[in-house]
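Here's a quick tour of some aromatic contacts and one helix. Have the sequence and the model open as you read.

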Amino acid sequence: MKMERISRRLLRLRHGGQSTVIPRQGAQRLASLQQVSTLPDKKRQGVLFPFSSLEGHLDRAIDRSDFQLFQPSEGDLRHAERLFTPSAKHQILYTSSAVRVDHAPDAQQPEVCFIGRSNVGKSSLIRALFSLAPEVEVRVSKTPGHTRKLDFFRVGRAFTLVDMPGYGHKAPTDFTDMVEPYLHSRENLVRMFLLVDGSVGPQRADLVAVEMCEEFCRPYVVVVTKVDKVRPGILLPNLLQVQKLIRNQTTHCYPQPFLVSSVQYSGVHLLRCFIAHVTGNLQLNTHT
């Protein structure tokens with residue numbers, strides 16, 4: 001089967017590099033909108049809408065529309081932040097791990113999953129998203145391939161977030177048996193988030209992952225990570241590569257790539273808002 005061949009190619013493809021452990025205390029600095037609001041206007045805009053920091057470096061002939069499709073108000077961002085803030089009636093917690101989809105918790109609410117190449121910063125991003133719920137432990141390791149199972153995090157009665165094993169280097173040997181049935185059969189899965197390393201751009205394994213997402217015909221989004229790691233002169237060509245990939249090789253991918261930094265919190269508030277929207281917890285006029 002074609003799908004099995006794609007999954008096994010993801011398992012074989014390898015890459016080099018080391019991951020970084022994020023200092024939890026330092027990462028908390030811009031975790032909330034209240035903290036971001038104290039920044040100067042330009043810096044504040046760059047944290048909330050990171051493409052605004054790059055736009056001035058683009059040639060005027062380049063179409064910017066695909067980078068600015070999802071433009072919620074700050075009121076929308078605050079609504080989404082409340083969804084990621086725990087309370088007595090709204091608990092956010094890790095619930096379970098599974099090595100097979102039939103071991104997964106019951107599909108009782110909308111679900112989103114995060115998938116990406118080993119060392120792309122997937123667990124770091126999930127920890128940043130949940131930074132307002134410090135009791136939620138999302139482990140981040142120096143060793144690529146730390147996530148070996150499907151890890152489920154329940155956000156009250158609103159939605160469930162799934163951290164999936166990384167593909168490529170250090171992928172678990174049963175990656176195919178774990179991931180493919182989940183993506184094929186999970187009826188409450190409303191959006192996949194495919195992470196691409198912004199410091200290096202789309203790699204061969206990422207192209208195979210895009211092919212896999214297209215095969216499943218599920219709606220997905222490309223998230224460009226580590227945007228704080230490189231200068232605009234390096235990040236922009238990589239970002240334009242992602243844009244070209246989405247335009248020319250995808251049918252089910254949302255046209256806008258989302259830029260994020262798990263260290264500086266750039267784009268994290270916007271991504272929270274998008275997740276709140278696609279899980280049906282925030283109504284906007286934006287087409288997604």
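## A helix on the inside

Which residues of H7 are buried? In this predicted model, the buried residues of H7 are Lys 122, Ser 123, Ser 124, Leu 125, Ile 126, Arg 127, Ala 128 and Leu 129. That makes 8 of the 8 residues in helix H7 (residues 122-129), so the helix is largely enclosed by the rest of the structure.

## Phe 70 meets Phe 274

Now for the rings. There are 12 aromatic pairs in the structure. Take Phe 70 and Phe 274: their ring centres sit 5.0 Å apart with the planes at 85°, and because an angle over 60 degrees counts as edge-to-face, that is the label this pair gets. The two come from distant parts of the chain, 204 residues apart. Phe 70 is in the loop between helix H5 (51-55) and helix H6 (74-83), while Phe 274 belongs to helix H11 (residues 268-278).

Are these two rings buried or exposed? Phe 70 has a relative accessible area of 0%, so it's buried, and Phe 274 counts as buried at 0% too.

## A second partner, and a cluster

Phe 274 also pairs with Phe 258, this time tilted, with 4.7 Å from centre to centre and 55° between the planes. Phe 258 lies in strand S7 (residues 258-259) and Phe 274 in helix H11, so this contact ties together parts 16 residues apart in sequence. Phe 258 is buried, just as Phe 274 is.

Zoom out a little and these rings join up: Phe 70, Phe 258 and Phe 274 are part of one aromatic cluster that also includes Phe 114, Phe 193 and Tyr 254.

Notes: Residues numbered from 1 in each chain as written. Predicted model: local features only at pLDDT ≥ 70, side-chain atom pairs only at ≥ 80, totals over all residues. Heavy atoms only, no water. Phe/Tyr/Trp six-rings, centres within 6.5 Å; stacked < 30°, edge-to-face > 60°. Helix = DSSP H or I, 4+ residues; strand = E, 2+ residues; numbered from the N terminus. Buried < 20%, exposed > 50% of the residue type's maximum accessible area, 1.4 Å probe, protein only.
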